[in-house]
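Q: Could you walk me through this structure and show how each label follows from its values?

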Amino acid sequence: MVGTEEATSNNLKNTTPNETMRVPSSDKVINLDQGDPTVYEEYWQRMGDKCTVVISGSQSLSYFAKSKSICWFLESALEDSIRQLHRTVGNASADDHYIVVGTGSTQLIMASLYALCPPDRVQPTHVVAATPYYSCYPEIGSFMRSTLYEWAGDAKTYKGEGPFVEFVTFPNNPDGEMREVAVKGTTEGKLVHDLAYYWPQYTPINVCANHDIMLFTLSKCTGHAGSRIGWALVKDEVVARKMIKFMEVTTIGVSKEAQIRAAKILEVVTESCPSLGPENFFQHSRLIMADRWKRLREVVKEMEFFSLLDYPKSYCNFANVYSTTQPAFAWMKSDENKIKDLEKHLKGEKILTRNGNRFGTESNYVRISMLSTNEDFNIFLERMLAMKETMEAVQYNGI
Ligand code: PMP
């Protein structure tokens with residue numbers, strides 16, 4: 001079965017806290033398949049009660065939110081904290097966009113397809129993204145067998161006629177590249193910019209994005225994937241209203257409790273930004289990602305069997321430093337195709353990753369989550385180094 005990005009799959013069995021305590025690290029299955037953002041747990045533990053919200057039994061009974069927004073279920077506290085955070089980070093121009101809140105940005109991907117695909121066409125509108133693309137786009141594009149839209153694969157080779165929707169992921173999942181529109185030579189396309197990872201811990205913030213539809217998610221911004229809150233910044237009122245209609249028909253809005261919690265978390269993150277110390281959320285997370293990437297690169301270099309992409313340095317207007325992209329995922333390749341199915345190989349070492357074929361490329365690539373707990377990340381690096389010896393032995397025997 002093809003699992004969705006974060007949930008399903010029997011891998012979850014291997015990572016419950018109780019089991020973690022019992023299983024010796026040599027036997028533990030390390031799940032780096034999903035991008036489960038547990039790396040942030042330690043920061044939030046340190047923050048103690050700062051984000052605690054109390055919700056009484058008499059609160060949030062209504063379907064409706066007390067809000068002036070056209071998004072009738074959007075809590076005004078969440079709207080304010082989203083706008084404030086974008087102003088502080090400078091990653092997207094939120095003030096001239098409508099905000100649509102969703103149950104994760106996954107629901108907003110679906111809502112944007114509903115809003116952008118004309119209902120009166122005989123043929124479904126094509127949905128494309130450049131390879132390697134986020135593995136959920138083809139799943140979402142084909143899951144409902146919709147007559148509105150259908151998944152049509154790689155945007156780089158797309159030659160279809162008529163309207164289409166292209167997802168532009170910036171920085172890209174799985175490979176961290178800073179993507180531009182890939183379908184060239186036509187104006188028939190509508191664009192959805194998926195900016196789930198356009199935050200300072202993953203990449204320098206050097207442009208204030210200002211696209212027609214921009215998707216963000218709490219999961220990858222602060223690590224609160226379980227709250228299932230995402231938001232879309234939408235320029236056009238008609239499109240925003242269609243997206244709101246989709247939310248209305250599918251789930252009659254979005255949990256108020258989750259929104260209230262998300263509002264508080266985003267407020268705390270914004271308030272932490274002026275600080276120069278480890279309480280600054282983005283500064284703290286940026287340093288962790290930098291450290292993990294440094295250590296992974298050292299191990300991969302030492303091993304000589306695999307390679308990772310290099311990313312150029314640029315200036316981050318938010319952090320006021322030159323740095324490279326340090327993506328939430330490592331996109332690792334088996335050099336010279338020595339290992340044809342790298343996911344299978346790593347699974348043999350009890351390291352779960354996601355096969356390149358799920359992203360529209362070859363199986364000598366895997367996507368590895370960089371967002372696991374410290375313990376799992378350390379075991380992963382240790383196992384990679386231990387693998388070097390077995391791989392060298394196999395190579396020697398093979399001569
Ligand atoms: N877009 C991209 C590029 C993602 O990687 C993810 C999460 N993996 C999502 C959207 C959806 O995130 P969520 O549903 O957790 O908000």
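**Where two domains meet**

A: Gladly! This is a predicted model. Domain 1 and domain 2 bury about 2,900 Å² between them, with 62% of it on carbon and sulfur atoms. Trp-44, Phe-282 and Phe-359 supply 22% of the area that domain 1 buries against domain 2, more than any other three residues.

Q: What makes up domain 1 and domain 2?

A: Domain 1 takes two stretches of the chain, 4–44 and 281–397, while domain 2 covers 51–272. Their C-alpha centres lie 26 Å apart.

Q: How many residues of each domain are in contact with the other?

A: Contact requires heavy atoms within 4.5 Å. By that test, 35 residues of domain 1 are in contact with 37 residues of domain 2.

Q: Why is the pair Glu-139 and Arg-358 called a salt bridge?

A: The cut-off is 4 Å between a side-chain nitrogen of Lys or Arg and a carboxyl oxygen of Asp or Glu. The side chains of Glu-139 and Arg-358 meet at 3.1 Å, N to O, so the pair qualifies. Across the interface of domain 1 and domain 2, the rule finds one salt bridge. The rule for polar contacts finds 14 residue pairs across that interface, both residues being at pLDDT 80 or more.

Q: Which elements give two or more residues to the side of domain 1 that touches domain 2?

A: They are helices α2 (41–46) and α9 (281–303), together with strands β10 (313–316), β11 (321–324) and β12 (329–334). The most comes from α9, with five residues. By class, this side of domain 1 has 18 nonpolar, eleven polar and six charged residues.

Q: What makes Lys-28 and Asp-376 a salt bridge, and which parts does the pair tie together?

A: Their side chains meet at 2.4 Å, N to O; the limit is 4 Å, so the pair meets the rule. Lys-28 lies in the loop between α1 (17–22) and β1 (30–31), and Asp-376 in helix α11 (residues 374–398), so the pair ties together parts that are 348 residues apart in sequence. A search of the whole structure finds 13 salt bridges.

Q: How do you know that Thr-106, Tyr-197 and Lys-220 make polar contacts with the ligand?

A: The test is a pair of N or O atoms within 3.5 Å. An N or O atom in the side chain of Thr-106 is 2.4 Å from an oxygen atom of the ligand. For Tyr-197, a polar side-chain atom lies 2.5 Å from a ligand oxygen atom. For Lys-220, a polar side-chain atom lies 2.9 Å from a nitrogen atom of the ligand. Each therefore passes the test. Around the ligand there are 15 residues, and the closest are Ser-105, Thr-106, Tyr-197, Thr-217 and Ser-219.

Q: Where are the cis peptide bonds at Pro-171 and Pro-174?

A: One joins Phe-170 and Pro-171, with omega about -5 degrees, and another joins Asn-173 and Pro-174, with omega about 25 degrees. Pro-171 is in the loop between β5 (164–169) and β6 (189–194), and Pro-174 is found in the loop between β5 and β6 as well.

Q: Why is the phi of Arg-145 worth pointing out?

A: Most residues other than glycine have a negative phi. Arg-145 is not a glycine, yet its phi is positive, at about 45 degrees. Arg-145 is found in the loop between α5 (136–143) and β4 (149–154).

Notes
Residues are numbered from 1 along each chain as its sequence is written. This is a predicted model: local features need pLDDT of at least 70, side-chain atom pairs count only at pLDDT 80 or more; totals for chains, interfaces and linings use all residues. Side-chain values use heavy atoms; hydrogens and water are left out. Domain bounds come from an automatic or database domain assignment. Buried area is the accessible area (1.4 Å probe) that two parts lose on being put together, summed over both. A polar contact is a pair of N or O atoms within 3.5 Å; within protein, one must be able to donate a hydrogen and the other to accept it, and residues adjacent in sequence count only if both atoms are side-chain atoms. Helices (H or I, at least four residues) and strands (E, at least two) are DSSP runs, numbered from the N terminus. Ala, Val, Leu, Ile, Met, Phe, Trp, Tyr, Cys and Pro count as nonpolar, Asp, Glu, Lys and Arg as charged, and the others, Gly among them, as polar. A residue is near a molecule or strand if one of its heavy atoms lies within 4 Å of it.
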